[in-house]
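Colleague: I should like to learn how features of a structure are read. Could you take me through some of them in turn?

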Amino acid sequence: MSEKVLVVGLSVTGSACAKYLSKSYDVYLTDSKAESEQDKELLDKLRSLGVTFEFGSHSEDFIKGAKFAIISPSIPQDADILKLLEKNSIEYFSDIEFVFRETKKSDKPQIYLVTGTNGKTTTTLLMSHILSEKFAAPACGNVGVSPVEHLESNSDFLVIEASSYQLNYSKQLAPRVVVFTNLTPDHLSWHGGLDGYFEAKASVFRRMGEDSHAILNFDDEMVRKLSNELKSKVHFFALSKAELADIQDNCYIDCDAIFYGEEKIIDVKDVPIVGNHNLQNVMCCVIAAKIAGLENDVIKNAVKSFKAPAHRCEFIRTLDDTAYYNDSKATNPEASIVAINSFEGKKVVLIAGGRDKNTSLDEFIKSIKDRISKVVLIGEATERFMNEIYASGYTNIVHAQSLEEAIDLASLDKPDVVLLSPACASFDMFKNYEERGEAFRRYVLSKKQLVSR
């Protein structure tokens, strides 16, 4: 009889883990939600693999005797199921932690991990795109595919996007290469404040050994200071060469080009994704690619052929000299600031709003005053956003009842750019940020001309 293991939560993570584990263990999957007819095909498949289910609760009888548990990353740290697991001395961890433990048994695949607040997905996809020129290097993790699905794929590398939730539930994880894109306030209530949020990300770097590589944002003070605590080799990326005391094994911008040490990699004008934040994302990937041994021309050509991922400052189209950009993934003010700053010198109308995360708007409003010609607000956050922006002295604000109306109102001024960068969650009007972004894309592509006054 096989050993019993537990999977907590039927999700992308949970279903992938249940399928993989069913080959070696008796898998028990527990989910606090009721069984859904929408999941019937998936559940039938998992039941055919011998998976046993519990829906609507997490009972002690169901979990008893499990060797370990892989948990959904969004489960709160004070959840009753975690207390129950601890009471029964059942170790629990994330799917990324499980993959790390499995891959430690051999040299392949190596894990290249990407974390931070903003830019993780673009960096993960770009890194996978570059490495895939010479290696099997799929992108996985928080981009929507569990790394567990690639454990038997004979990959050379797994390029994993890791959220703070996943890292919080990963106690041994110490990959060979880890990127820290940046740190801004997010998920603070879940982590109990900024310090807890930072620690969830920083802990993986502190576990890395001397043969590992930490790729850190020199321009982010908290991230830069982390380097003083590490045993691993540290590589910095910076927007200016002047800020770096030593350029060896580091990446920077000089003379409108990206350099790695003394080696020129690519001219900034040839980078197909806009904004300084994306130049930082490219520099992360250049360092990772150099660690993997790729030649400069290979890196350059791969960067040039990369297309921005959906919903992340994604160019949709130009209509009557107005460019439309979908940045629906910007679900906090800091992410929106990054997008706003990408269009320096342009006349930009910003569409913002949604479900308010109640974080500070001070820096967001400063960026609006510096760079935005008009703001169109939608959703539940409208009242607070409008009141605080007005209080700053900025008054060119309008309110729309729908995203489509917002696009029409934004187009009236015939700006250089209409930017959807909400600074809010989407759940008041849409199922998720993807649905919001797709609605923006669909309506913009349907337009025959800009709305006339």
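Modeller: The discussion below covers a helix, a pocket and three single residues. This is a predicted model, in which local features need pLDDT of at least 70 and side-chain atom pairs count only at pLDDT 80 or more, while totals for chains, interfaces and linings use all residues. Residues are numbered from 1 along each chain as its sequence is written, and side-chain values use heavy atoms, with hydrogens and water left out.

Colleague: How many residues does helix 9 have, and what span does it reach?

Modeller: Helices (H or I, at least four residues) and strands (E, at least two) are DSSP runs numbered from the N terminus. The expected span of a helix is 1.5 Å times one less than its number of residues. Helix 9, residues 194-206, has 13 residues and reaches 18 Å from first C-alpha to last, close to the 18 Å expected.

Colleague: Where is the kink in helix 9 centred?

Modeller: A bend at a residue is the angle between axes fitted to the seven residues ending there and the seven starting there. In helix 9 a kink of about 35 degrees is centred on A200. A200 is also one of the buried residues of this helix, which include Y197 and F198; buried means under 20% relative accessible area, exposed over 50%, and partly exposed in between (1.4 Å probe, protein chains only).

Colleague: Is V286 buried or exposed?

Modeller: V286, in helix 11 (residues 276-291), is buried because its relative accessible area is 0%. Contact means heavy atoms within 4.5 Å. Leaving aside neighbours within four places in sequence, V286 is in contact with C251, Y260, I265 and I299.

Colleague: Where is V143 found?

Modeller: V143 is found in the loop between strand 7 (139-141) and strand 8 (157-161). V143 counts as partly exposed because its relative accessibility is 28%. Not counting residues up to four places away in sequence, V143 touches T121, T124, L125 and E161.

Colleague: What may be said of T395?

Modeller: T395 lies in the loop between helix 15 (382-391) and strand 19 (397-399). T395 is exposed, since its relative accessible area is 53%.

Colleague: How do the lining residues of the second largest pocket divide?

Modeller: Ala, Val, Leu, Ile, Met, Phe, Trp, Tyr, Cys and Pro count as nonpolar, Asp, Glu, Lys and Arg as charged, and the others, Gly among them, as polar. The lining of the second largest pocket divides into 5 nonpolar, 5 polar and 4 charged residues. A pocket is an open set of points on a 1 Å grid over the protein atoms alone, where a 1.4 Å probe fits, with protein on both sides within 12 Å along at least five of seven lines; lining residues have an atom within 4 Å of a point. Helix 5 (95-103) and strand 6 (110-115) each supply at least two residues of this lining.
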